[in-house]
Amino acid sequence: MIPARLKLSKRKLFILDQRLLPDKIEYIKAESAADVAKATKDMALRGAPLIGCAAAYGFALEIDRLCPISSSSLIKTAEKTAKILNAARPTATALFYATARMLETARKFAEQNKGSFRSETAKALRKIIFEEADKITAEDISSCEAMGKYGAYLLPKNCIIMTHCNAGALATMGIGTAVGVITAAHKQGKIKHAYSCETRPYLQGARLTIWELMREKVPSELITDNMAAHIMKTEGVNAIVVGADRIASNGDTANKIGTYALAIAAKYHNIPFYIAAPAPTFDMKAESGNDIIIEERSSAEVINIKGIRIAPKNVKTRHPAFDVTPAKLITAIITDKGVISPVNKKNIIRILGK
Ligand code: MRU
C-alpha cells in the first residue's frame, strides 16, 4: 500500500512530503490556502490530479478559517483564495479545474444565501465546501480505477512496458494514471517487466515510481533517462505509458520533461505510446501545445541532487519542467471515459463529450 497522500483531520490538511520519499514518511501540516500553495510550489506534493485535490481542500480550509460573514465577503474571499492556489504551478490543468469548481460552489452558495450569514448559514457553507472537495477527490479515485481498466485491456500479454516521471498513486488520490494502468495490468498477469525512467532533474521515477512498482510487486527496473532508447531497442519494450499535466484540444500533450524524447524514440522503434489522463487534464481552450504554459523551475533543482552540488558554482542552467508531445506521436489517450484513438479533436470531443 502507498501511504495516504492527504489526510484531513481537525480542520487541518496533512500533506505527505514527497521530497523525503522513499526514505521518510512525514507529513506537512497545512491550515490555509497559502500553506497548500507553498507545499505545491515546493514539490512536497506534486502530480497533476493530486495538486487539484489538495487545492480543493486548501480552498475549503481557507473559507472555513476566514469564515466570511456575508454573501459578498464569501465571493471576495473565494476569488482571492482561488488566485492564491492558482499561482502555485502553471501547467497542470487539474489545479485550475479544482479551484474553478470550488469557486463555483462558493458563488452558488452566495447566490442562494444573499446578505449577512447567520451561524447556521456559516455551518452549512462549511459543510458544502468540504463536501465539494471530497467529491473532487472521490472522482479522482474512480477515474484512476477506470483508466486502469481501459489501459490494462489495451496492453498485450507479457507486456514489457516503460514509464516516465511519477503518474502513480503518489500523483493522485487513487491508484494513479499511467502507473495505475501498469499495476492494474499486473494484477491481470499481463506485465512481464516494467522500466521506470529516473526523470532528471527531480527524480520522480527514481524516488517515487520504482518505489511504487516495487511495493506493488511489479517485476521492474530503474533506468537513467539516457538509457531509454537503448532499452527500447534491446529489451523488446512493447508499450510506453505516461501521464499528462495538460492536453490541448488537438491532443498535443504536456507532461514531465523528457516525455517528448521518449515519444520520438518510441515512434522510431514502432512502440505504441500511450498517455493516461482523466478528463480534467484536457484544456479545450488550448488549440494546440503552443498554447500550453511550460513551467520553468529553479537552477538549484538542476545543479543539486539531495543537497550536493554536481555542476560548477555559478553555472547557468535551463529548467523547463514539462515538454509537449505532438498528438501525432501518441497512439492513444487512455481516459476515464474511454480510449481516444487516433488522437484528434473530433475523437476527444466524441469520447469526453466536451
Ligand atoms: O512536476 P510533477 O512531479 O508534478 O510532474 C508530474 C508529471 O509530470 C506527471 O506525469 C503528471 O502530473 C501526471 S500525474 C498523474
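Helices (H or I, at least four residues) and strands (E, at least two) are DSSP runs, numbered from the N terminus. Keep that in mind for the exercises below, and remember that this is a predicted model.

**Exercise 1. Overall make-up**

Task: Work out how many helices and strands the protein chain has, and check its radius of gyration against that of a compact globule.

Solution: Start with the count. The protein chain has eleven helices and 16 strands. Next, take the chain length: for 354 residues, a compact globule would have a radius of gyration near 20 Å. The protein chain comes out at 20 Å, so the two agree. To finish, look along the principal axes, where the C-alpha trace spans about 70 × 50 × 40 Å.

**Exercise 2. The seven-stranded sheet**

Task: Find the strand order of the open sheet with seven strands, then say which strands sit at its edges.

Solution: Walk across the sheet and you get β6-β5-β4-β7-β10-β15-β16, with mixed pairing. The edge strands are β6 (220–223) and β16 (339–340), as each pairs on one side only. Now zoom in on the β16 end. Strand β15 (residues 332–334) runs antiparallel to β16, and two bridges join them. Across that pair, I334 stands opposite V339.

Then add the helices. Helix α5 (residues 119–154) lies across β10 (273–276), β15 and β16, at about 145° to β15. Helix α9 (residues 259–268) lies across β4 (159–163), β5 (191–197), β7 (239–242) and β10, and runs at about 145° to β10.

**Exercise 3. A serine in an edge strand**

Task: Locate S220 and list what S220 touches, leaving out residues up to four places away in sequence.

Solution: First, the address: S220 is found in strand β6, which is one of the edge strands of the seven-stranded sheet. Second, its polar partner: the S220 side chain reaches the backbone oxygen of V218 at 2.9 Å. Third, the contacts further along the chain, counting heavy atoms within 4.5 Å: S220 touches H193, A194, I210, L213 and M214.

**Exercise 4. The four-stranded sheet**

Task: Which strands of the open sheet β11-β8-β9-β14 stand at the edges, and why is one side of each left without a neighbour?

Solution: Begin with the order, β11-β8-β9-β14, where the pairing is again mixed. The edges are β11 (282–283) and β14 (322–325); each has a single partner strand, so one side of each has no neighbour in the sheet. Now check the β11 end. Strand β8 (residues 246–248) runs parallel to β11, and two bridges join the two strands. A248 has D283 in β11 as its bridge partner.

**Exercise 5. The hairpin at the start**

Task: Describe how β1 and β2 pair, and pick out the residue with a positive phi in their hairpin.

Solution: Strand β1 (residues 6–9) and strand β2 (residues 12–16) pair antiparallel over four bridges. One of the partnerships is L6 with I15 in β2. Two residues lie between the strands, and K10 takes a positive phi near 50°.

**Exercise 6. Around the ligand**

Task: Name the residues that come nearest to the ligand and say how much of the ligand the protein buries.

Solution: There are 18 residues around the ligand, and R46, R89, Q204, N255 and K256 come nearest. Go through some polar contacts. A polar side-chain atom of R89 is 2.8 Å from a ligand oxygen. The side chain of Q204 has an N or O atom 2.8 Å from an oxygen atom of the ligand. G47 uses a polar backbone atom, 2.9 Å from a ligand oxygen. Last, the burial: taken alone the ligand exposes 420 Å², and the protein buries 100% of that.

How values were computed:
Residues numbered from 1 in each chain as written. Predicted model: local features only at pLDDT ≥ 70, side-chain atom pairs only at ≥ 80, totals over all residues. Heavy atoms only, no water. Pairing = 2+ DSSP bridges. Axes fitted to C-alpha atoms, helices over the stretch in contact; angles between N-to-C directions. Near = heavy atom within 4 Å. Polar contact = N/O pair within 3.5 Å; in protein donor to acceptor, adjacent residues only side chain to side chain. Areas by Shrake-Rupley, 256 points an atom, 1.4 Å probe, with all protein chains shown as cover. Rg over C-alpha atoms; globule rule 2.2 N^0.38 Å.
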